[in-house]
Amino acid sequence: MMKDFRGWELENIDFSYGTFPCLAEISLTLGSGCFYGLIGPNGSGKSTLIDLLSGYLKPETGTIRLNGTILQSIKRTELATLLTVVPQRFAFNFDFNVYDTIMMGRYPHIPRLSSPSQEDHRRVSESLTHLDIEHLAQRSIRKLSGGETQRVMIARALVQDTEFILLDEVTANLDINHAIAIMRTMRALVRSGKTVIAALHDLNMALGFCDHVMVLNGGRLHLQGGASEVINGELVTDIYQVSSELIKSNDGNVHLSFKYQ
Amino acid sequence: MNQSTSQTSDKSSPSSPVGPGLVSVLILTGVLVLAMVFSAGLGYIKISPGEILQIIAANFGGHLPDSIDTSYPFVIMEVRLPRIITAVLVGGGLAVAGCIFQSLLQNPLADPYTLGISSGAAFGASIAILLLIVGIALPSTIIIPVFAFAGALLTLLAVFSLAAPSTRLSSNSLILSGIIISAILSAGISLIKFLADEQVNAIIFWLMGSFIGKDWTDVLLLAALVVPSTFVLMLFAREMDIMTFGDRTSEALGIDTGKVRRFVLIVASLSTSGCVAVSGIIGFVGLIVPHFVRMILGPSNAMLIPCSFLCGCILLLGADTVTRVMLPTEIPIGVLTALIGGPLFCYIFRKTQLQRWR
């Protein structure tokens, strides 16, 4: 354990759902100020790892530390000022409007029995503009498309204003324009000193935006390293059993081209 | 740029339910007070609102004018007011509990009886009535509510124990536990009815709910449970709003979902147990009122809870006044609320479904 270290330290993490083993022997150090991509096929344990990093699930064995403190010993209220999560699935049972839904992200910052301050309202308005959802402010959260909902939940996480941001497949429901916009926003947040960990299915997004990539396969950490070092045709064949090649464009960007036949 | 920002805030200003909500609270409070005075004047002996206010004032040390009939103070203070306040508190308590159960169980179909409290209370009351039938000398006015209350609490304990392996007390495990325990208790009630033989009517009448013969002891019990619990529950309005979005979102925002759900459900259940113990099983109030208020004021619990409380008070007072004064025979209040509430719920359900698909 390093002194004054900011970020997560995972030591020999195992986790099972009942008798079904999900993650095994995961050891990782995730320092701050970096954009991490978590990739791997369906069922490889990405969402479970996000749940463990957020403290929603408790590891069966091993320890998880955040900023040097055992994650489970940090109070929920304190944790909410340190990290935020945008989960993969949401429950919408009542017609809260978009504005109020985003304002819930300020919950950890608003004292009990107090109303939201001008600063809280300013942050919510800013996030509406930033995520291009101003026009939806008064609409019911239940009357949005999947992509609009995803942007609202990202806005909710952004107004929470935490050092660490965990995203579980947040670009899955978004069109390419909004997906890139979200990833650019995350990139900008990382430049401003925040840490983002995103579980992603789109390998080109991981290649284009992430600094560091962790590959999960069968519940184990298969590989990790710089995005451009880790993601290549060999990995895709190995993990996904799909042929692909890495193509470098004129502007110097690289992307994967998949062979569909 | 500044102009644009200010336009943005105007356009997307918070829905802030507190503004219209506060007006609604004031209006509903006014309506409730008027309805209580109006209801107290109705009955076999008609008493004017002025006389009612003078009788109440006299009871707090004021002078009772000679023009007022000497029997009126007894009619108002000992017969009608305890019954009216009981109906008001039960209506408010059930409506608030309905809001809580719907929010915390993330299920708009939940009501105060979802966890089997009504079955528990009914089972307890049925045992008490059976004991009275077989000749055990106990005062029925005390033994029935005590057994009903104990039955409700034991049921709550059983439901929580059954759902306990789920550390966060997930809504599904709570609802399923409630259904299982209710089914067992319903079978128990059927057995008691069978044992009661020809005197089964006493059990059936209790099950249908009634405010007949309620006195100040009932009012005190309810006031001690319903009023403080409503204030305590209002303190958790924000947490309950967030918890409708699911456990992951709630915990990411710093809410200990397991603890909050357990505490809030216990408080709401205690209030419900008090209501059921005093009045029997009165359905639909806890289901319909929160839906109705939510349709008008939105889902925010900060306003939903107080407005539901007041609407529940008015609704049950209205229903009790109808059955007490306007109908040729006093039909059980539980039957009346179901007869009025059922079609009303169909209307609300249909309207919300149409709105959703438009």
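**Sheet order and domain contacts in chain A**

In this predicted model, four strands of chain A form an open sheet with antiparallel pairing, arranged in the order β2-β1-β4-β5. The two edge positions are taken by β2 (20–31) and β5 (69–70) of chain A, and each has a single partner strand, so one side of each lacks a neighbour in the sheet. As a reminder, strands of a sheet pair through backbone hydrogen bonds, either parallel or antiparallel.

Further into this sheet, β1 (residues 7–17) of chain A runs antiparallel to β4 (residues 61–66) of chain A, and five bridges link the pair. A handy landmark for following this pairing on screen is A:Glu9, which stands opposite A:Arg65 in β4(A).

Turning to the domains, chain A splits into domain 1, made of 7–92 + 161–230, and domain 2, covering 232–261. Between the C-alpha centres of domain 1 and domain 2 of chain A the separation is 23 Å. Contact between the domains of chain A involves 12 residues of domain 1 and eight residues of domain 2.

Which elements of chain A give two or more residues to the side of domain 1 that touches domain 2? They are α7 (203–209), β9 (212–217), β10 (220–226) and α8 (227–230) of chain A. Of this side of domain 1, the largest share comes from α7(A), with four residues. Sorted by class, the side of domain 1 of chain A that touches domain 2 holds six nonpolar and six polar residues, while charged residues are absent from it.

How values were computed. Residues are numbered from 1 along each chain as its sequence is written. Chains are lettered from A and ligands numbered from 1 in the order in which they are written. This is a predicted model: local features need pLDDT of at least 70, side-chain atom pairs count only at pLDDT 80 or more; totals for chains, interfaces and linings use all residues. Domain bounds come from an automatic or database domain assignment. Two residues are in contact if their C-beta atoms, placed from the backbone, lie within 7 Å. Ala, Val, Leu, Ile, Met, Phe, Trp, Tyr, Cys and Pro count as nonpolar, Asp, Glu, Lys and Arg as charged, and the others, Gly among them, as polar. Two strands pair if DSSP finds at least two bridges between them.
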